[in-house]
Amino acid sequence: MYMELAVRMAERSVGLTAPNPPVGVIIVKNGEILSRGWTQIGGSPHAEIHAISQVRNKSLLRGSTMYSTLEPCSHRGKNPPCIDNIIKYRFKDVVISQKDKNPLVNGDGIKKLRSRGIRVTQSNFNNYINKFNNIFFHSINKKKPHVCLKIASTADGKIATKIKDSKWITGKRSRMMGQYLRSKNDCILVGRGTVEKDNPSLNCRLSGLDHSSPDIFILDTNLSLSLNSKIFKLKNRKISIFHNCSNFNKKKYKKITLIRLNDNPGILNIRKVIKLISGKGYHRILVEGGSKISTSLLKNNLIDKIYWFRASKVIGGEGIGAISNLNIRKMNLVKKFKLEDSARVEDDIMDIYTRG
Ligand SMILES: NC(=O)c1ccc[n+]([C@@H]2O[C@H](COP(=O)([O-])OP(=O)(O)OC[C@H]3O[C@@H](n4cnc5c(N)ncnc54)[C@H](OP(=O)(O)O)[C@@H]3O)[C@@H](O)[C@H]2O)c1
């Protein structure tokens with residue numbers, strides 16, 4: 001039960017903790033919950049320290065048990081090692097759901113706590129929290145962050161009319177869910193086409209979550225986007241552009257991070273883009289798919305999850321398909337996904353697919 005609560009705490013901070021993973025903690029003594037903690041915005045303080053800081057009378061911590069969704073850290077980064085405080089306040093037990101596969105920790109936290117007489121047990125709580133932590137492990141160890149694609153299409157799979165009109169395909173509630181997805185990811189990735197046609201702000205305007213609009217990455221090979229687009233006028237948002245230009249006016253891009261890929265002429269290497277985003281400490285990427293970017297990602301088998309909102313509307317053959325040509329000739333080569341969930345959202349259907 002306590003670990004289940006710790007998982008709930010971790011879920012609170014999903015999308016807000018990059019470059020650190022979202023972790024949840026519950027502190028218990030004599031069957032009573034003393035405190036709850038979760039990783040704070042930007043990854044500091046860590047969940048363990050947040051939970052400890054909630055307990056005013058620190059002497060109460062002596063002999064208590066900490067339930068954590070991840071092994072406490074033993075290294076000094078932006079934050080001091082969490083184990084130092086666990087040792088200092090003389091916890092009796094630490095129950096973790098999973099060892100931290102970050103090479104900087106990797107069992108070292110467990111070892112050091114045990115060497116100071118603190119009992120550490122692993123509860124193997126359930127698959128869910130492992131999947132949850134694995135997103136972080138994959139990203140830091142393999143530079144493969146979790147890529148979630150959001151598509152809003154008509155029933156016949158079109159994301160815009162032939163003149164690229166797309167406002168609005170799905171209903172208000174689906175669009176609100178789209179904003180919620182933004183708040184649950186570390187960053188958003190979009191192509192030049194979408195910024196140019198839709199002029200979006202890509203923020204989360206849901207009440208209470210307006211602080212959760214993530215950083216933005218744009219693919220703009222030739223730096224041809226106008227800096228008058230709304231996106232470049234947003235306050236408190238970090239914007240980065242991947243490009244392949246050698247000759248441009250640097251002064252124009254003062255507030256924007258430019259990342260030059262040095263690719264051969266043509267579109268940017270999407271595999272490299274995803275790797276670089278992960279290397280910058282973003283582990284959950286939401287792609288708001290125009291057709292070209294969605295197709296690139298699918299071709300390269302980079303998509304882990306799709307939220308596909310489908311309206312009860314039909315555009316017809318001349319509309320722009322959500323996914324363009326994948327050049328698949330045989331059924332055994334189709335891109336396979338598992339339908340994880342499906343729900344009606346007003347007049348739309350939301351299907352959630354995971355990598356097959
Ligand atoms: N309904 C929805 O869910 C939804 C969501 C988003 C967009 N849309 C609609 O989709 C349309 C835009 O789609 P789109 O396909 O034209 O554009 P897009 O996928 O948003 O952007 C594609 C552009 O990104 C750049 N790019 C660079 N490297 C790339 C790579 N490896 N893979 C893909 N793109 C790369 C290219 O422009 P450069 O060569 O100039 O770099 C390319 O033309 C608009 O009409 C918009 O309204 C609909």
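Two strands are taken to pair if DSSP finds at least two bridges between them, and helices (H or I, at least four residues) and strands (E, at least two) are DSSP runs, numbered from the N terminus. The structure is a predicted model, in which local features need pLDDT of at least 70 and side-chain atom pairs count only at pLDDT 80 or more, whereas totals for chains, interfaces and linings use all residues. Residues are numbered from 1 along each chain as its sequence is written.

Strands E4 and E5 run parallel and are joined by four bridges, with arginine 119 of E5 as the bridge partner of aspartate 93. Between these strands the chain passes from E4 through helix H4 (residues 108-115) to E5 in a right-handed β-α-β crossover, where right-handed denotes that, with the strands pointing away from the viewer, the path from the first strand over the helix to the second runs clockwise. Both strands belong to an open sheet of five strands with mixed pairing, in the order E2-E1-E3-E4-E5. Its edge strands, each pairing on one side only, are E2 (32-38) and E5 (119-122), and the twist from one strand to the next averages 15 degrees. Axes are here lines fitted to C-alpha atoms, for helices over the stretch in contact, and angles run from 0 to 180 degrees between N-to-C directions.

Strand E3 (residues 65-68) pairs with E4 (residues 93-96) in the parallel sense, over four bridges. In E4, aspartate 93 is the bridge partner of threonine 65, and isoleucine 96 is that of serine 68. The route from E3 to E4 leads through helix H3 (residues 82-88), and this β-α-β crossover is right-handed. Strand E4 has a covered face, formed by Val94 and Ile96, and an uncovered one, formed by Asp93 and Val95. Helix H1 (residues 2-12) lies across E1 (24-29), E2, E3 and E4, and runs at about 145 degrees to E1; contact between two residues is defined by C-beta atoms, placed from the backbone, that lie within 7 Å.

Arginine 62 is located in the loop between helix H2 (47-53) and E3. This residue is exposed because 11 other C-beta atoms lie within 10 Å; the class exposed covers 12 or fewer such atoms within 10 Å of the residue's own, buried requires 20 or more, and partly exposed lies in between, with C-beta atoms placed from the backbone. Leaving aside neighbours within four places in sequence, arginine 62 is in contact with Tyr89 and Arg90. Arginine 62 and isoleucine 87, 25 residues apart in sequence, are 9.6 Å apart in space from C-alpha to C-alpha.

A further open sheet has nine strands in the order E11-E10-E9-E8-E12-E6-E13-E16-E15, again with mixed pairing. Its edge strands are E11 (257-260) and E15 (337-345), each of which pairs on one side only, and the twist averages 20 degrees from one strand to the next. Strand E13 (residues 305-310) is mostly covered, five of its six residues being buried. Six bridges join E13 to E6 in a parallel arrangement, in which alanine 152 stands opposite phenylalanine 309 of E13. With E16 (residues 348-355), E13 pairs in the antiparallel sense over six bridges, and tryptophan 308 stands opposite aspartate 351 of E16.

Strand E10 (residues 239-243) pairs with E11 in the parallel sense over four bridges, and isoleucine 241 stands opposite leucine 258 of E11. Helix H9 packs on this sheet, touching E6, E8, E9 and E12, and its direction makes about 140 degrees with that of E6. Within H9, Ser291, Ile293, Ser294, Ser296 and Leu297 are buried, and just after the helix asparagine 301 takes a positive phi of about 50 degrees. Helix H8 (residues 270-279) lies across E6, E8, E9 (215-219), E10, E11 and E12 (284-288), running at about 160 degrees to E9.

The ligand is surrounded by 30 residues, of which Gly191, Gly193, Thr221, Gly290 and Ser296 come nearest; a residue is near a molecule or strand if its C-beta atom, placed from the backbone, lies within 6 Å of it. Two or more residues of this shell are given by each of E6 (146-153), E7 (158-160), E8 (187-191), H7 (192-198) and H9 (291-299), and H7 contributes the largest share, five residues. The shell divides into twelve nonpolar, eleven polar and seven charged residues, where Ala, Val, Leu, Ile, Met, Phe, Trp, Tyr, Cys and Pro count as nonpolar, Asp, Glu, Lys and Arg as charged, and the others, Gly among them, as polar.
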